[in-house]
Amino acid sequence: MNPDYRPYHPKWFRRRVPIFWWLRQAAYVKFISRELTCLLVAYVAILLLVFVAAVDRGEASYLALVGWLSQPMVVAFHVAVLLGTLFHTVTWLNLAPMALVVKVGGRRVPARAILLGHYFAWVACTIAVAWALVGP
Amino acid sequence: MDTRVHDVLLVGGGGAGLRAAIAVAETNPGLSVAVVSKVYPMRSHTVSAEGGAAAVVRDEDSLEAHAYDTISGGDWLCDQDAVEAFVREATREMVQLEHWGCPWSRQPDGRIATRPFGGMKIERTWYAADKTGFHMLHALFQTTLRYPPIKRYDEFFVTRLLVDDGRCQGVVALEVATGKVQALLAKAVILCSGGGGKVFPFTTNANIKTGDGMAMAYQSGAPLKDMEFVQYHPTGLPFTGILITEAARAEGGWLLNKDGYRYLQDYDLGTPSPTPVKRSMELGPRDRLSQAFVAESKAGRAIPTPYGDVVHLDVRHLGEAVIDKKIPFVRELCLKYQKLDPVKEMIPVRPVVHYMMGGVATDLDGATPVAGLFAAGEVACVSINGANRLGSNSLTELLVFGARAGRAAARFAGAQPDPSSALVAQAADEERRLHRDFLGRTDGTERVADIRSEMQQAMEAGAGIYRDEESIQVAATKVAALRQRFRRVALQDSSRTFNTELVSALELSNLLDLAEVILASAAARRESRGAHQRTDFPERDDEGFLAHTMARQGEDGRPRIEFDPVTITTWPPGERVYGR
Amino acid sequence: MSDTVTMEVLRYRPEEETEPTYESFEVPVQPEWMILDGLNHIKDQLDGSLSYRWACRMGVCGSCGMLVNGRPVLTCATYMESLLPGPIRVEPLRGFPVIRDLVGDITDFMGKLAAVKPYIVREEEKPVEEGEYLQTPEELAEYKQYSMCINCMLCYSACPIYRIEPDFIGPAAIALAQRYNLDSRDEGAQERMDVLSQHAGIWGCTLVGECSEVCPKDVDPAGAIQRYKVSATVDFFKSVLMPWRKE
Ligand SMILES: Cc1cc2nc3c(=O)[nH]c(=O)nc-3n(C[C@H](O)[C@H](O)[C@H](O)COP(=O)(O)OP(=O)(O)OC[C@H]3O[C@@H](n4cnc5c(N)ncnc54)[C@H](O)[C@@H]3O)c2cc1C
Ligand code: SF4
Ligand code: FES
């Protein structure tokens, strides 16, 4: 007997959402990873700003930053960050065709083309930034 | 007892019910309207209709042509005044539905597109790809959300009509989720509860099509008209009974026997041509096509399978592009349910119970002989379908007669006093009955599923595509025995909450009534006409039977049969000519 | 191939128990059988008290959605064979309160559907006597995909956001709003935007994308939501940058 049941009144059962609900399915794990790795993207952006500021303050602070960056632990950390941001970028770009409906001559541009366009833009930006940093 | 009062109550939220609800709300916005449905409205069986809905739009077409196709298709058993009203209002209703958002397929210039259908001289079937019923139902349902006076009772099962002083004034309904029994009172009740294909074992009809409305009207004294006319659709998938729409043939599909031969040419249905010819061959009427199948099968020219003989429906020559554009759902259904691709393979098909031409007798406004009780849709028999319904007339019928019944009920309700209080006592009786006969009963021995499947087998054997005196009597004896056994039915489920076994038992009780009436009506009609083929009386007999079978429940609970005249206005009975 | 398979079915009888339990049934397997046929076998032959919904058995009424081995599917369109050797676990759709056994309560969705005004809204209606609104096949194709929704609730069941934030309007209702927005006959986009631009509207969605994965009718509700976000953003900037422009 269910002591809470009253005749003619629904006694629903509601499942609680467990904290680790996202571990139950690969797609959810991927989703949560995509969401969390956005923090890494923010971190990289900040790092870039710090880098620019260091250059601005003069050679000493620039060398100090490079020195810190060259420590093995820090390098290892940044390799991990790179992988994380790459994961974020790829999963993020893959979603683009869903949101974008582009029409050329009355026909919907296929998802593949939109995707390729995004990847192309990404590679172009990367080359541009690398060129600016490393110099010609 | 929990009692609610409305002005107009609809039993059923399918195409007919929703159209009627809107009609009530538009006729008199001051009335309170309630739609009671045993499933959420968008689950109603209208959702399954595939091929299309007929209405005259093309310049070369005419109302006379639509009427003539309908009447000859119905083997002259249609009431011609009803057909005239039907074809006259059909187009308006279809345009109205277009204005409500139904995504009809279009011609390149944006006008409505049409396709031919079986038994039609000129093409006039509007379609929304091959999910016409689905789109119509969702457009109607979503449109009702615009009308605040329309209240819904979703998942409420109506168990009986409340009639007092000769006037129908409401219903008793079981709230499935909680098991609460309620009295829903109203000044007018419109039955829109659909057909009852589940009397038979092999049907295109959903599990919910159990003829509840027909049975309840019958129990309340309303006559059931022409119940012996049960339509077999010629092309259902074996095992599942899933319908392969007539549109597959309208677009150019062929029916082939085991030798790859278009056998319909041997049955006075015309001569084969590579492209579809209207009112000919595969585009003949459904009754004739299903009968031709039986003959082929008897002659050993069908293909045997574990689920009975089949013939082949071949659409391969249409090509992938046409199939995907015009009949994508056919491909989807074949891939999902038959594990074959109609682009590359032939589709095995056999006749399957599809539609009930008969139903609660009504006038042109949906009014039944019981005051305050209206009916529209498949549950009703106006009759525009006669002895054989033409494909794509039913969806239009829902709109035309749903709207008519809605308007008439609104007018009727406006002039009635409030429902009488005696009804609440009747409703309380009904609640006690449900408890006594089902939930609270401990001495039963019979199971719902067993009785149901035995009844279905008996009906298929006794009142299938071909019948005779003996087969009908054997089935009648069996059904009477099952009726006795049903008195001892035991439920394994005694819960009040979402008791689907209780619902099935109530449905079975209605199905048994329907089976009895179908058999009694079939026995009384000693001729062959349309979908009613008696091997012992193979000819149509206009002298004796150009008449409607009217079944009323007698004192002893058994059906009494009488005949009513058919209304003939313009088209005297003639020969049905196809392919010539 | 085995002749039978074990089906582990979630049972919840609110009058008797406070928590659901699983009950196992041995069910024969036939090549044509869907999960729903297995359940019908249980109900007709083994235990008449099992409760679940179904109607059309052809994948179009949307009644029979359940979790099968953790995935939301239409049980009338999922072959038992594809899940052998089993056991096959059948549960009610996640995300909805369980009324009984395999039956979930979808009242919440019905309210949300009504809230997004899923019908043609026009300033002025053309009289029916003047005939149909013209709509070219291209204009029809614009919204057709979103009109294919059968309200089966699989997408809600796949959506973790709906579970965590029950106010989220959710995939199907948004897709249906978009269906009308994109319909050339409709003029109600602004009214719908008022509902959908709220926090629990489109912005609740963080694009898990599972709704589109499980949808049996390829409606792509996730795509509908993202497209809606794009147009809402464009609208917003337009109204900020060009405040004199109406709508
Ligand atoms: C597979 C298939 C394809 C078809 N294709 C076509 C076609 O192409 N063209 C065409 O013209 N016709 C077609 N038809 C026929 C047509 O679809 C039906 O005749 C029509 O949809 C019936 O509509 P309705 O509104 O009368 O009933 P339904 O849509 O069956 O609705 C009945 C309603 O009544 C409710 N109800 C029933 N009993 C109770 C109760 N006891 N208590 C409460 N509520 C109850 C149900 O919940 C439901 O809401 C097809 C039929 C089938 C089966
Ligand atoms: S969008 Fe797809 S999954 Fe969601 S309710 Fe509609 S049909 Fe079902
Ligand atoms: S029973 Fe209708 S969708 Fe499965």
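How far from a nitrogen atom of ligand 1 does a backbone N or O atom of Lys38(B) lie? The gap is 3.0 Å, and since this is a predicted model, that number comes from predicted coordinates.

**View 1. Polar contacts between chain B and ligand 1.** Start with Lys38(B), whose backbone N or O atom sits 3.0 Å from a ligand nitrogen. Ser394(B) joins in through its side chain, with an N or O atom 2.8 Å from an oxygen atom of ligand 1. Ser392(B) uses its backbone instead: an N or O atom there is 3.5 Å from a ligand oxygen. As for cover, ligand 1 on its own has 1,000 Å² of accessible area, and the protein covers 99% of that.

**View 2. The shell around ligand 1.** Pull back a little and you can count 38 residues surrounding ligand 1. The closest ones are Ser37(B), Ser44(B), Thr46(B), Glu378(B) and Leu395(B). By residue type, the shell splits into 20 polar, twelve nonpolar and six charged.

**View 3. Helices and strands of chain B that line the ligand.** Which elements give two or more residues to the shell around ligand 1? In chain B they are two helices, H1 (15–27) and H10 (393–414), plus three strands, E2 (33–37), E7 (156–164) and E14 (347–356). H10(B) makes the largest contribution, with four residues.

**View 4. Chain A, a stretched-out partner.** Here the trace runs α-α-α-β-β-α along the sequence, for a total of four helices and two strands. Its radius of gyration is 24 Å, whereas a compact globule of 136 residues would come in near 14 Å. The C-alpha atoms take up a box of roughly 80 × 50 × 25 Å along the principal axes. Just 20% of the 136 residues are buried. Chain A exposes about 9,900 Å², and 73% of that comes from carbon and sulfur atoms. Take its contacts between residues at least 6 apart in sequence, and 47% of them link residues at least 24 apart.

**View 5. Chain C, helices and strands.** Chain C has nine helices and seven strands. Its C-alpha atoms fit a box of roughly 70 × 40 × 30 Å along the principal axes. How many of its 247 residues, as a percentage, count as buried? The figure is 62%. The accessible surface is about 9,200 Å², with 53% belonging to carbon and sulfur atoms. Among contacts with a separation of 6 or more, 65% are between residues 24 or more positions apart.

Definitions and conventions:
Residues numbered from 1 in each chain as written. Chains lettered and ligands numbered in written order. Heavy atoms only, no water. Near = heavy atom within 4 Å. Polar contact = N/O pair within 3.5 Å; in protein donor to acceptor, adjacent residues only side chain to side chain. Areas by Shrake-Rupley, 256 points an atom, 1.4 Å probe, with all protein chains shown as cover. Nonpolar A, V, L, I, M, F, W, Y, C, P; charged D, E, K, R; others polar. Rg over C-alpha atoms; globule rule 2.2 N^0.38 Å. Buried < 20%, exposed > 50% of the residue type's maximum accessible area, 1.4 Å probe, protein only. Contact = heavy atoms within 4.5 Å.
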